[in-house]
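User: Could you walk me through how some labels in this model were assigned? I would like to see each value set against its cut-off.

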Amino acid sequence: ETEFLTVSFKDPYVDLQLREKYQLQYDGTIIFENTERQEKVTVVEEQKFTSAILKLTRNETKKVYFLVGHEEHAVDDFNKNGYSNVRIELENQNYIASALSLLTEPAIPTDCAALVIAGPKTALTRHELDVVSKYLTLGGKLLLMLDPSVTSAADVNSGLIRLMKRWGIAIGNDLVIDKEQFVPLFGPSAPVPGPELHEITRVMRERVAFPVVRSVTPIADRASSLSVKTLFKTVGETGNSWGETQRETDGTFSEDFTGFIYTPDVDTPPPVSIAIAAEQKVGEDSDKETERDLTRIVVFGDSDFAANAIFREPNRDLFLAVINWL
């Protein structure tokens, strides 16, 4: 028992009024309750407990908007490449996941707790880029996931890449290889990087694989007001992990992503950073209210790690940790 939480055990076979009050159907049901609401959990699992407590303690349901219009992963898509499982998990955390088209909207909605851009395959218009840029300038929260450009040396997402440069983030036009730690089924182009120390990675119990990923690196020469930290790095040392930059004559990478050899001074050297978290630094005299209005950005060099086909528990924990941090 603490000042925040009181725990009691009841026998529903003895206390029939209790059984009726909570409409209990399963043995071992856990009821989370405050003066206004209650949440019922039938499985003893940390994630379920966390979700129940969040639903009771959060006074508002926050909205997470997912950009549409560029063949991104969609929260209403139940296929293997869809993000319907992402939506379900966000709703379990008391968020609302909504689609957002900026082709018609003049600005990001004022109730946007975080904006997600998940693997766009076509370019954002200048208007859309301007809207996202303005949103970030005003203290926006962005999760950007950009897959490698494997079919062309010219990147359709060059506008977003230029925008991220202003925030101290370099997104490489490469393909990350790790011959030391990868998913055997997919090969060295599906690395399983090691987490760096950060509030986001603190929740990780198991490592997450990133199938077909590009480098995302903090820019050394950036504004002093920006904190940009790597979240994950490849584990292979020189010759075993790198960001491949050499393509076939048609601009594609070798078809099955094999036969790559590290070329010093040409390829991205190891350890390769594949995800970063950036935020504006808090001034010494600022208060908590000011802190909430500061820009935060998380960028991954892959968007498939959150797709339905591989949205396992570690992937879920990581995605939710990112949204909660933003």
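Analyst: Happy to! Let's start with a definition: a residue counts as buried under 20% relative accessible area, as exposed over 50%, and as partly exposed in between. Please keep in mind that this is a predicted model.

User: Thanks. Why is D111 called partly exposed?

Analyst: D111 has a relative accessibility of 39%. That value falls between 20% and 50%, so D111 is partly exposed.

User: And what makes the contact of K63 and D111 a salt bridge?

Analyst: The cut-off is a side-chain nitrogen of Lys or Arg within 4 Å of a carboxyl oxygen of Asp or Glu. For K63 and D111 the N to O distance is 3.7 Å, so the pair qualifies. The two residues come from distant parts of the chain, 48 residues apart: K63 is in strand β3, and D111 is in the loop between β4 and β5. K63 is partly exposed as well, at 25%.

User: How many salt bridges does a search of the whole structure find?

Analyst: Six. One of them joins R87 and E91, with 3.6 Å from N to O. These two are four residues apart in helix α3, which means about one helical turn separates them. E91 is partly exposed, because its 36% lies between the two cut-offs. R205, R316 and D317 are also linked, in a network of salt bridges.

User: How do you know that R214 and D155 form a salt bridge?

Analyst: Their closest N and O atoms are 2.4 Å apart, which is within 4 Å, so the pair meets the definition. R214 sits in the loop between β11 and β12, and D155 in the loop between β6 and α5, so the bridge ties together parts 59 residues apart in sequence. Both R214 and D155 are buried.

User: Which label does N94 get, buried or exposed?

Analyst: N94 is buried, because its relative accessible area of 14% is under 20%. This residue, in the loop between α3 and β4, has a positive phi of about 70° although it is not a glycine.

User: What makes a positive phi worth pointing out?

Analyst: Most residues other than glycine have a negative phi. V212 also has a positive phi, about 60°, and is not a glycine. V212 lies in the loop between β11 and β12, and its 23% makes it partly exposed.

User: Where is there a cis peptide bond?

Analyst: From P270 to P271, with omega near -10°. P271 lies in the loop between β14 and β15. Most peptide bonds are trans.

Notes: Residues numbered from 1 in each chain as written. Predicted model: local features only at pLDDT ≥ 70, side-chain atom pairs only at ≥ 80, totals over all residues. Heavy atoms only, no water. Buried < 20%, exposed > 50% of the residue type's maximum accessible area, 1.4 Å probe, protein only.
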